[in-house]
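Dear colleague,

I am passing on the structure below, together with some notes on what turned up when I went through it. Please look it over first and then read on.

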Amino acid sequence: MAQAATICTRQEDVEFPRTAVAYAVRELARRATVSPDLFRRWQIEIDDHGFVNVFVLPGTNRRIRFPRAESRFWNNLRARGFRTSTATWMSGPGPFPDLLPDFKIPFSTADRTDVGPLFVAEGSGCVECPVDLLASTLLTLARFQETLATPRDEHGRFTAYSSVAWRDGFLHRPIVDEYGLALEQALTYLLPGWRPRERRLRVKLGHDVDEIGIPFNFRSMLGHTLRRRRPAGTLRDLLAPATGIDTTYQLMLRRIVNLSCDRGLDSAVYWKASVRGRNDSGYDPRHPRILSLIEALRSRGIEMGIHPGYETFQSPEKFCAEVSLLRELLGEQRLGGRQDFFRWNPQTWVHWESLGLAYDASVGFADHIGFRAGTSIPFHPWLLSQCREAKLLEIPLLAMDATLDSYMEIDPEEALVRLRDCVARCRAVGGVFTLLWHNTKFFQSCYANIYQRLLDELAGSGRYDWRMADHGTC
């Protein structure tokens with residue numbers, strides 16, 4: 001939402017200032033499908049008694065009341081004292097009893113595990129929340145836990161298994177989006193004439209081009225036969241330099257993009273400009289045959305984006321150099337993309353924003369599918385290091401092919417079950433289902449099959465266009 005509600009304050013809190021309070025209220029309102037016009041008429045009052053009152057109808061006392069966390073709560077957080085509470089619906093079992101029987105509130109201010117209803121009617125004009133849901137929302141979206149000194153894996157990544165979401169069993173749920181459904185119920189009670197907008201599923205598919213078969217690589221070519229048991233791929237790569245036909249990986253990229261186009265779904269292709277290294281194939285995106293492929297894909301309306309290489313993580317100079325090259329190559333300034341290997345931390349948002357990039361799509365775990373940021377709805381992150389909202393969109397990533405196969409090591413049918421559950425949860429909250437599938441993965445026929453089956457089920461879903469997104473829509 002481009003403009004904030006009016007904020008009146010009688011109390012300032014250095015840990016959770018009024019600008020952060022307004023941000024959290026807005027993010028919850030978005031997920032309750034509150035329109036920008038209605039939100040602009042809301043008034044947020046921070047009183048002297050430790051409460052945030054959100055007045056939702058001008059000229060009346062109709063409000064939602066949230067308690068504010070005390071200083072000892074913030075001290076406990078810094079000492080990693082994370083508590084997760086469970087709450088129930090305000091009335092009835094809710095619209096999705098199997099998917100959403102309750103609510104999980106990490107970084108909870110409550111002293112008990114079960115807090116009862118997430119929203120409680122206190123007379124006809126007031127609804128109260130028993131926990132500081134605003135703080136929980138902000139800390140989850142801002143990836144607070146990942147700002148702390150926590151063990152990382154061999155690639156410097158914060159892992160799913162280190163997260164409070166994994167510890168407390170809700171990584172598979174978009175918990176912040178689910179709060180929107182609870183808030184919708186509370187608003188319906190306070191504003192009988194208000195009607196929430198219809199929620200609909202949108203889909204965004206991404207393809208990180210880690211390898212494209214150019215320049216010719218004997219080891220990779222031989223791997224088609226020895227590791228992947230695709231001798232036809234080896235033969236194609238042998239013939240490609242002399243005949244000009246597509247390399248195997250070029251062909252796979254065309255095929256994977258065609259699948260989404262044929263089903264009316266959006267795809268984005270993210271290109272690298274990194275030098276050759278242990279984790280970078282080092283192809284040159286300026287190669288004439290790669291340029292030709294880029295133009296062919298772009299002519300079909302496929303989005304072109306960036307995939308900063310392995311060594312750009314926490315290296316602003318290398319990151320800037322690669323972004324500059326790809327901007328010149330693609331002829332666009334407003335680009336989005338994803339960090340290689342998901343090598344990301346909250347400071348990465350600052351680096352991406354500083355170069356004026358449009359969106360990041362790196363916030364997903366490599367080792368487990370799920371909702372790393374607790375949401376399937378793209379959002380502008382809150383930068384804890386600078387205490388402000390970023391001028392950058394985050395499109396959270398929910399699942400990747402290699403996560404299912406190489407990290408979780410589940411068979412294709414079980415992978416399809418997990419993906420379907422993820423889609424169902426996105427559909428319930430009106431979120432964006434995001435999926436990364438590599439052209440290199442298309443060699444595995446069993447996984448290529450489940451990808452096609454999933455796309456068949458997603459055919460006809462809404463598209464997510466980040467160019468049309470602002471604070472008022474998702």
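**Helix α8 and its surroundings**

The residues of α8 that are buried are G233, T234, D237 and A240. An α-helix has 3.6 residues a turn, so residues three or four places apart point the same way. The cover over the buried residues of α8 includes α7 (218–226), α9 (248–262) and α10 (288–298). Please bear in mind throughout that this is a predicted model.

As for its length, helix α8 covers residues 231–243, and at 1.5 Å a residue these 13 residues should span 18 Å, which agrees with the 18 Å that lies between its end C-alpha atoms. Just after α8 comes G244, which takes a positive phi of about 85°.

**Helix α14**

A second helix, α14, runs over residues 412–429, and its 18 residues, at 1.5 Å each, should span 26 Å, in agreement with the 26 Å between its end C-alpha atoms. Its buried residues are P412, A415, L416, L419, C422, V423, R425, C426, A428 and V429. Among the elements that cover these buried residues of α14 are the helices α6 (175–190), α13 (401–407) and α15 (445–458), together with the strands β18 (399–400) and β19 (432–436).

**One residue in α4**

Is S136, which sits in helix α4 (residues 133–141), buried or exposed? With a relative accessibility of 0%, S136 counts as buried, because the cut-off for that class is under 20%. Once its neighbours within four places in sequence are left aside, S136 is in contact with I105, P106, F107 and Y179.

**The protein as a whole**

Turning to the whole protein, its secondary structure comes to 15 helices and 20 strands. The radius of gyration is 23 Å, close to the 23 Å that the globule rule gives for 474 residues, so the protein is as compact as a globular protein of that length. Along its principal axes, the C-alpha trace spans about 80 × 40 × 40 Å.

Of the 474 residues, 58% are buried, and of the contacts between residues at least 6 apart in sequence, 73% join residues at least 24 apart. The accessible surface of the protein comes to about 19,100 Å², and carbon and sulfur atoms account for 51% of that surface. Finally, the protein carries 60 positive and 57 negative charges, and the mean positions of these two sets are 2 Å apart.

With best wishes

Definitions and conventions. Residues numbered from 1 in each chain as written. Predicted model: local features only at pLDDT ≥ 70, side-chain atom pairs only at ≥ 80, totals over all residues. Heavy atoms only, no water. Helix = DSSP H or I, 4+ residues; strand = E, 2+ residues; numbered from the N terminus. Rg over C-alpha atoms; globule rule 2.2 N^0.38 Å. Buried < 20%, exposed > 50% of the residue type's maximum accessible area, 1.4 Å probe, protein only. Contact = heavy atoms within 4.5 Å. Areas by Shrake-Rupley, 256 points an atom, 1.4 Å probe, with all protein chains shown as cover. Lys, Arg positive; Asp, Glu negative; His and termini not counted. Charge placed at Lys NZ, Arg CZ, Asp CG, Glu CD. Expected span 1.5 Å × (residues − 1).
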